[in-house]
Amino acid sequence: MPRRLPAALLLALIVCLPATRAFADPPLPKGVEAVLKRIKAADTNLLAVSEEDGRFLRLLVATRGAKRVLEIGGANGYSAIWIGLGLRETGGQLVTIEYDPQRAREAEANIRAAGLADIVRVVPGDAFAAIPKLAGTFDVVFCDAWKKDYQRFFDLVFPRLDKGGLFIAHNVVNKASEMGDFLTTLRTHPGIISSIVSPSGEGVSVSVKR
């Protein structure tokens with residue numbers, strides 16, 4: 001018999017399918033919307049997730065009741081802000097790792113401007129070197145780094161993902177050709193239950209650790 005996804009995760013997946021504005025999120029905290037719009041306007045390299053995917057991340061983190069989240073590939077802090085908003089509801093913390101030092105500084109400034117510096121910590125540098133230095137386990141990991149490295153990142157963090165934890169990956173639809181080994185893992189790994197949704201067309205995979 002197929003195993004069921006947790007009810008909270010099913011709710012998150014259903015709610016975040018394309019919908020009319022009548023089902024939109026409530027207003028963002030004061031000042032946060034302006035910061036998000038400013039990041040998007042300056043994002044000429046299209047590194048940030050879409051707004052739809054950001055809202056999806058926020059809901060996943062909140063419904064999971066996440067306390068310890070890792071983001072691999074923080075860029076300018078756009079997705080970290082959405083995740084941080086979810087963690088504001090749960091009392092959790094996020095560590096976001098960004099390879100490029102200038103983008104890491106921008107992310108830190110944007111997160112501070114959004115009023116989330118008490119929740120989100122930016123770590124500049126190579127995630128392959130930084131992750132082993134982090135203590136403890138994670139209940140949510142979000143990967144939005146170099147696509148060809150997704151499988152390596154999965155292999156690195158999966159042993160430290162709590163049972164019932166989520167491994168979430170971005171661009172699994174529009175950049176699927178760059179991560180064939182990882183997509184095979186999503187279909188075949190015995191230790192996860194996975195699904196792919198596409199709120200904005202970019203594609204987000206959600207894998208629950210058995």
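# A guided tour around helix α4

Of the 210 residues in the protein, 50% count as buried. The model is a predicted one. Its secondary structure consists of eight helices and seven strands. Among contacts with a separation of 6 or more, 75% join residues 24 or more positions apart.

**Stop 1: helix α4**

Begin by selecting residues 78–90, which form helix α4. This helix has 13 residues and spans 19 Å from its first C-alpha to its last, close to the 18 Å expected at 1.5 Å a residue. Is α4 mostly covered or mostly open? The helix is mostly covered, with 11 of its 13 residues buried. Colour the buried positions: Y78, S79, A80, I81, W82, I83, G84, L85, G86, L87 and T90. Directly after the helix comes G91, which has a positive phi near 80 degrees.

**Stop 2: the approach to α4**

Step back to A75, in the loop between β1 (68–72) and α4. Although A75 is not a glycine, its phi is positive, at about 50 degrees. Most residues other than glycine have a negative phi. With a relative accessible area of 12%, A75 is buried, because the cut-off for that class is under 20%.

**Stop 3: α3 against α4**

Next, add residues 51–64, helix α3, to the selection. The axes of α3 and α4 lie 8 Å apart, and the two helices pack at an angle of about 30 degrees. The pair is therefore roughly parallel, and α3 passes α4 in a right-handed crossing. Which residues of the two helices meet? On the α3 side they are E51, G54, R55, L57, R58, V61 and A62; on the α4 side they are Y78, S79, W82, I83, L85, G86, L87 and T90. By class, this contact of α3 with α4 comprises eight nonpolar, four polar and three charged residues.

**Stop 4: α2 against α4**

Now select residues 32–42, helix α2. Here the packing angle between α2 and α4 is about 155 degrees, and the axes are 10 Å apart. That arrangement makes α2 roughly antiparallel to α4. The crossing of α2 past α4 is left-handed. In α2, display V32, V35, L36, I39 and K40, which meet Y78, I81, W82 and L85 of α4. The residues of the contact between α2 and α4 divide into eight nonpolar, no polar and one charged.

A look along a helix may help in viewing these contacts. An α-helix has 3.6 residues a turn, so residues three or four places apart point the same way.

**Stop 5: L28**

Move to L28, in the loop between α1 (7–15) and α2. L28 counts as buried, because its relative accessibility is 15%. What does L28 contact, beyond its neighbours within four places in sequence? The partners are E33, L36, R58, W82 and L85. Of these, L36 belongs to the α2 residues that meet α4, and R58 to the α3 residues that meet α4. A distance from L28 to L85 can be drawn in the viewer: the two are 57 residues apart in sequence and 8.9 Å apart in space, C-alpha to C-alpha.

**Stop 6: L116**

L85 also leads to L116, which is found in the loop between α5 (101–113) and β3 (120–124). L116 counts as buried, because its relative accessibility is 1%. Not counting residues up to four places away in sequence, L116 touches I81, G84, L85, R88 and I111. For a further distance, select L94: its C-alpha is 10.0 Å from that of L116, and the two residues are 22 apart along the chain.

**Stop 7: α7 and α8**

Leave α4 and select residues 150–157, helix α7, together with residues 180–188, helix α8. How are these two helices oriented to each other? They are oblique, because their packing angle is about 45 degrees. Their axes are 7 Å apart. Show Y150, Q151 and F154 in α7, which meet D181, F182 and T185 in α8. The contact of α7 with α8 contains three nonpolar, two polar and one charged residue.

**Stop 8: N171**

Finish at N171, in the loop between β5 (161–170) and α8. Like A75 in the loop ahead of α4, N171 has a positive phi without being a glycine, here of about 65 degrees. N171 counts as buried, because its relative accessibility is 6%.

Methods: Residues numbered from 1 in each chain as written. Predicted model: local features only at pLDDT ≥ 70, side-chain atom pairs only at ≥ 80, totals over all residues. Heavy atoms only, no water. Axes fitted to C-alpha atoms, helices over the stretch in contact; angles between N-to-C directions. Helix = DSSP H or I, 4+ residues; strand = E, 2+ residues; numbered from the N terminus. Parallel < 35°, antiparallel > 145°, perpendicular 65-115°, else oblique. Left-handed = near helix turned anticlockwise from the far one by under 90°. Contact = heavy atoms within 4.5 Å. Nonpolar A, V, L, I, M, F, W, Y, C, P; charged D, E, K, R; others polar. Expected span 1.5 Å × (residues − 1). Buried < 20%, exposed > 50% of the residue type's maximum accessible area, 1.4 Å probe, protein only.
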